[in-house]
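Work through the exercises below with the sequence and the coordinates at hand. A worked solution follows each task.

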Amino acid sequence: MDKKNILITGSSRGIGLEIAKHFASDFNVYITGRGEKRLDELCSKYGFAGYSARDLSLTDGAESLLFALNKDFDILINNAGVYFYNAIENMLPEDIVKSIVLNSLTPYELIRRTVPYMKKQKWGRIINIGSISGVMGEAYASVYSMTKASLIGLTKSLALELAQDNITVNIINPGWVDTELINNENLDENFSKDEILETIPQKRFVSPSEIASACEFLISDKAKTITGQSINICAGLSLGF
Ligand code: NAD
């Protein structure tokens, strides 16, 4: 049987790279990021099927990514995201726009442009990577929380719209995962890793491989009736302190 094509955005490092590695042997994995050289090296190292380097915080990013890859995708994982930690009055307009385009508009556009093929095939899997901040709200991460919450609405609406096309749409909301995203200057200035750990009920970070395993399940046949679900993988963070 032909391998299915899977597109994972933001897969040059962190959670996205771990998901890509997880699927490398059973799928044609296409990775994205911003540095061409790194993506090329990752493709050779892990046997990924292809890559495209581009800035997905530009409004034409999704269109130009799909044009460059020139493939139909059976599975789409919208993972690329950006996090700003700042008081709302100090947020820069360009960072607000960047967050909205990368975290919300690009996933929307990628889904819009990949769904026609999935519909034709009568099979598809879409997974959005949200955040606990979009489920609960996070002080000083207003635009991040806003954009991640928008993905929950998108997931639920599309799960209904595509239910009869054998396309499932789900969102995974990670809690704190120890990646470069949280080694963010703004965040670092305010909290140490130990202080973050103190706020997590299980006193541990979620690992990228735990997110990858959840993706594997959602893509599998065992999960074909799971759609429109917002799944928190957060070491208890969504429960409160
Ligand atoms: P990361 O910063 O380690 O990796 C982000 C990936 O997105 C990289 O491949 C990067 O190249 C890509 N990317 C960033 N900006 C981009 C842009 N403008 N154009 C194209 N690609 C761009 O982050 P991560 O921790 O692996 O996060 C992955 C996803 O998980 C994000 O959507 C993030 O919001 C979400 N998440 C992370 C955490 C956490 O604690 N790390 C928690 C909840 C949700």
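The model is predicted.

**Exercise 1. The buried side of α1**

Task: List the buried residues of α1 and state which elements they pack against.

Solution.
Step 1. Apply the cut-off of under 20% relative accessible area. In α1, the buried residues are I15, G16, L17, I19, A20 and F23.
Step 2. Look for the partners of these buried residues. They pack against β1 (5-8), β2 (28-33), α2 (36-46), β4 (75-78) and α9.

**Exercise 2. The pair α1 and α9**

Task: Describe how helix α1 and helix α9 pack, giving angle and axis separation.

Solution.
Step 1. Take helix α1 as residues 14-23 and helix α9 as residues 208-219; the two axes are 8 Å apart, and the packing angle is about 50°.
Step 2. Classify the angle. It makes α1 oblique to α9, since roughly parallel requires under 35 degrees and roughly perpendicular runs from 65 to 115.
Step 3. Assign the hand: α1 and α9 cross in a right-handed sense.
Step 4. Collect the residues in contact. From α1 come G14, I15, E18, I19, H22 and F23, and from α9 come P208, S209, I211, A212, S213, C215, E216 and I219.
Step 5. Sort the contact of α1 with α9 by class, which gives eight nonpolar, four polar and two charged residues.

**Exercise 3. The pair α4 and α6**

Task: Describe the crossing of helix α4 and α6, and then place I96 in it.

Solution.
Step 1. Helix α4 covers residues 93-121, and its axis comes within 9 Å of that of α6, crossing at roughly 15°.
Step 2. With the limit for roughly parallel set at under 35 degrees, α4 and α6 are therefore roughly parallel to each other.
Step 3. The crossing of α4 and α6 has a right-handed sense.
Step 4. On the α4 side the contact is formed by I96, S99, I100, N103, S104, P107, Y108 and I111; on the α6 side, by V143, Y144, M146, T147, K148, S150, L151, L154 and L158.
Step 5. By class, the residues of the contact of α4 with α6 are 11 nonpolar, five polar and one charged.
Step 6. Turn to I96, a residue of helix α4. With a relative accessible area of 29%, I96 is partly exposed. Not counting residues up to four places away in sequence, I96 touches M91 and V143. I96 and N128 are 32 residues apart along the chain, with their C-alpha atoms separated by 20 Å.

**Exercise 4. Surroundings of T155, P174 and S57**

Task: For T155, P174 and S57, give the location and the burial, and list the contacts beyond four places in sequence.

Solution.
Step 1. T155 sits in helix α6, residues 142-161. Its relative accessibility is 1%, so T155 counts as buried. Leaving aside neighbours within four places in sequence, T155 is in contact with N128, V169, N170, I171, G228 and Q229. With N128, the side chain of T155 forms a side-chain to side-chain polar contact of 3.0 Å.
Step 2. P174 belongs to strand β6, residues 167-174. P174 is buried, because its relative accessible area is 6%. Outside four places in sequence, P174 contacts I129, G130, S131, I132, I211, I233 and C234. The C-alpha atoms of P174 and K156 lie 18 Å apart, and the two residues are 18 residues apart along the chain.
Step 3. S57 is in the loop between β3 (50-53) and α3 (61-69). At a relative accessible area of 13%, S57 is buried. Its contacts beyond four places in sequence are K98, V101 and L102. The side chains of S57 and D55 are joined by a polar contact of 2.6 Å.

**Exercise 5. Positive phi**

Task: What phi do K203 and A235 have, and where are these residues found?

Solution.
Step 1. Recall the background: most residues other than glycine have a negative phi.
Step 2. K203 has a positive phi, near 55°. K203 is in the loop between α8 (193-198) and α9, and at 43% relative accessibility it counts as partly exposed.
Step 3. A235 also has a positive phi, near 55°. A235 lies in the segment after β7 (230-233). With a relative accessible area of 12%, A235 is buried.

Definitions and conventions. Residues are numbered from 1 along each chain as its sequence is written. This is a predicted model: local features need pLDDT of at least 70, side-chain atom pairs count only at pLDDT 80 or more; totals for chains, interfaces and linings use all residues. Side-chain values use heavy atoms; hydrogens and water are left out. Axes are lines fitted to C-alpha atoms, for helices over the stretch in contact, and angles run from 0 to 180 degrees between N-to-C directions. Helices (H or I, at least four residues) and strands (E, at least two) are DSSP runs, numbered from the N terminus. Angles under 35 degrees count as roughly parallel, over 145 as roughly antiparallel, 65 to 115 as roughly perpendicular and the rest as oblique. A crossing is left-handed if the near helix is turned anticlockwise from the far one by less than a right angle, and right-handed if clockwise. Contact means heavy atoms within 4.5 Å. Ala, Val, Leu, Ile, Met, Phe, Trp, Tyr, Cys and Pro count as nonpolar, Asp, Glu, Lys and Arg as charged, and the others, Gly among them, as polar. Buried means under 20% relative accessible area, exposed over 50%, partly exposed in between (1.4 Å probe, protein chains only). A polar contact is a pair of N or O atoms within 3.5 Å; within protein, one must be able to donate a hydrogen and the other to accept it, and residues adjacent in sequence count only if both atoms are side-chain atoms.
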